[in-house]
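Q: Please take a close look at a single strand of this structure, at how its two faces are covered and which strands it pairs with. Then go on from there to other pairings and ring contacts.

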Amino acid sequence: MDGGKKAQLILQWLHEHGYKQTASSLEAECALSYDSTSVKTGALDEILDLHAEAETSQIRAEEKVIDFVQDGDGIYANQECLSLDTWTEGIGVLCCRLTKDGWLLLSCARKLQFFGKLKLPIGSSAACIPSKMLKHGGGVLGVAQHPKQSHLVLSNSMDKTCRLMDMTALFDDENGSGEVADVKDVQVFTDHSKYVVRAVFSACGQWLATASYDHTVCIYRATSEDSKGYFELKKQTSFRGSAEALCWHPTQAQLVVAVRNDNMLHVFDCSANGISKAPELNLNAMGDNHVSFTPLDMTFDPSGRILSVATDKDRVILLLASTGKQLANLYGCSNDEYSQPRHCWHPSGQYIYCTSQDKCVVVWEVSRQREVARLVGHTGVVRDLSYSVDHNVLISASMNGVIKMWEHKAVQE
């Protein structure tokens, strides 16, 4: 429909509803006169009604698509059970992970990392004094434990590097008082030329991927099945924007990459025979190529059927992982273009947790696409979230150095 036709529709609506002065202003600005014979009576109202009906039909269709997700059972992390307020001396925490043995791994600003062993079960008593480590030359943006070799820990930094470290000397001390001086570098990755914003292991532990603001993603493969931690670069791929997020499928060696200023998610299938590019997933429900938001964080649900994407436009998008079909949009968090949202799934696959710039964590029930709770208590912006399946707690960390843990309390839905 051309601009003149659209203007006549608007003028027709204005005249029919008595907005004569507004109509005159529009006619003057558009340099045209209202022609009552060019559109039928009530034409714009009819178009808007059809649009509203289409939107309703789309919502109903989306609800049917996610019927395979069970309704929430009312059991999700919603009650604070532990708060560590002084562990990092007020230094902002950028990433937090809790190991099966109760070690809390923190990557922080000011080049620092903190490691400490919590008393189990979580929340039963105060934690030990953590060990402080300085390995990087810039803020440490992420930390991850190898899924199969628990003594190996990976960190990525603003100093353009990643470090794979052997933490045996620290982790083997049952009292959590081992010396960080005994932590050894197994491998240092120097293939990026700018901040390394993500570094993640595949579920099998045989693959490792890193993403950088140099617009590239590196994919590495372990040198052998019984590798002692050594990884070999297999592919470095360039994109038109900065790589913001990475995630591996929970049961396959499939990597998904999210890039700034790009509406497509890029998918790579990795195997012993090589790395191949799979069909891209369009983040736009209508299939167009307009870029109106940036995907900043991604993760799969526990089953691997749903891919969730947190954006800089106050929403989390749920996609059918196999096709990219948009299932739902979750609203309620406050995250703009200056934010770094983080989100994770509850192990049941029934709930999603997401950070919000208003210093809280938003909880949604997936099947009904509704907000069910807000976890409040942080006084600084929440920078990271992770869920410990081993200890059944949600861990949140903020920019003022506070780490909180949240346990389950049954809620009557």
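A: In this predicted model, both faces of strand β27 are covered, since the side formed by Val-393, Ile-395 and Ala-397 is buried and the opposite side, with Leu-394, Ser-396 and Ser-398, is buried as well. Six of the six residues of β27, which spans residues 393-398, are buried, and the strand is therefore largely enclosed by the rest of the structure. The cut-off behind this reasoning is a relative accessible area under 20%.

The pairing of β27 can be followed through two strands, β26 and β28. Strand β26, residues 382-388, pairs with β27 in the antiparallel sense, and six bridges are found between them. Within this pairing, Tyr-387 has Leu-394 of β27 as its bridge partner. The two strands form a hairpin with four residues between them, and in that turn Asn-392 has a positive phi of about 55°. Strand β28, residues 403-408, also runs antiparallel to β27, to which it is joined by four bridges. Here Leu-394 has Trp-406 of β28 as its bridge partner, so that Leu-394 is bridged both to Tyr-387 and to Trp-406, while its side chain belongs to a buried face of the strand. A hairpin is formed by β27 and β28 too, again with four residues in between, and Gly-401 in its turn has a positive phi of about 85°.Antiparallel pairing also appears in an open sheet of four strands, which follow the order β2-β3-β4-β5. Strands β2 (93-98) and β5 (131-134) stand at the edges of this sheet with a single partner strand each, and therefore one side of each is left without a neighbour in the sheet. On average, neighbouring strands of the sheet are turned by 20° against each other, with direction ignored. Inside the order, strand β3 (residues 103-108) and strand β4 (residues 112-117) pair in the antiparallel sense over five bridges, and Leu-105 has Phe-115 of β4 as its bridge partner.

Ring contacts add another view of how parts of the chain meet. The structure holds eight aromatic pairs, among them a tilted one between Tyr-76 and Tyr-351, with 4.7 Å from centre to centre and 50° between the planes. Because Tyr-76 lies in the loop between α3 (43-65) and β1 (77-84), whereas Tyr-351 belongs to strand β23 (residues 351-356), this pair ties together parts that are 275 residues apart in sequence. Tyr-76 counts as buried at 3% relative accessibility, and Tyr-351 is buried with a relative accessible area of 0%.

Another of the aromatic pairs is formed by Phe-189 and Tyr-220, and this one is edge-to-face, with 4.9 Å from centre to centre and 65° between the planes. Phe-189 lies in strand β9 (residues 184-189) and Tyr-220 in strand β12 (residues 216-222), so the pair ties together parts that are 31 residues apart in sequence. Both rings belong to buried residues, as Phe-189 has 4% relative accessibility and Tyr-220 has 2%.

Arginine side chains also meet aromatic faces in this model: Arg-305 lies over the face of Phe-68, at 3.9 Å from the ring centre, and Arg-315 lies over the face of Phe-293, at 4.6 Å from the ring centre.

Terms used. Residues numbered from 1 in each chain as written. Predicted model: local features only at pLDDT ≥ 70, side-chain atom pairs only at ≥ 80, totals over all residues. Heavy atoms only, no water. Buried < 20%, exposed > 50% of the residue type's maximum accessible area, 1.4 Å probe, protein only. Pairing = 2+ DSSP bridges. Axes fitted to C-alpha atoms, helices over the stretch in contact; angles between N-to-C directions. Phe/Tyr/Trp six-rings, centres within 6.5 Å; stacked < 30°, edge-to-face > 60°. Lys NZ or Arg CZ within 6 Å of the ring centre and 35° of its normal.
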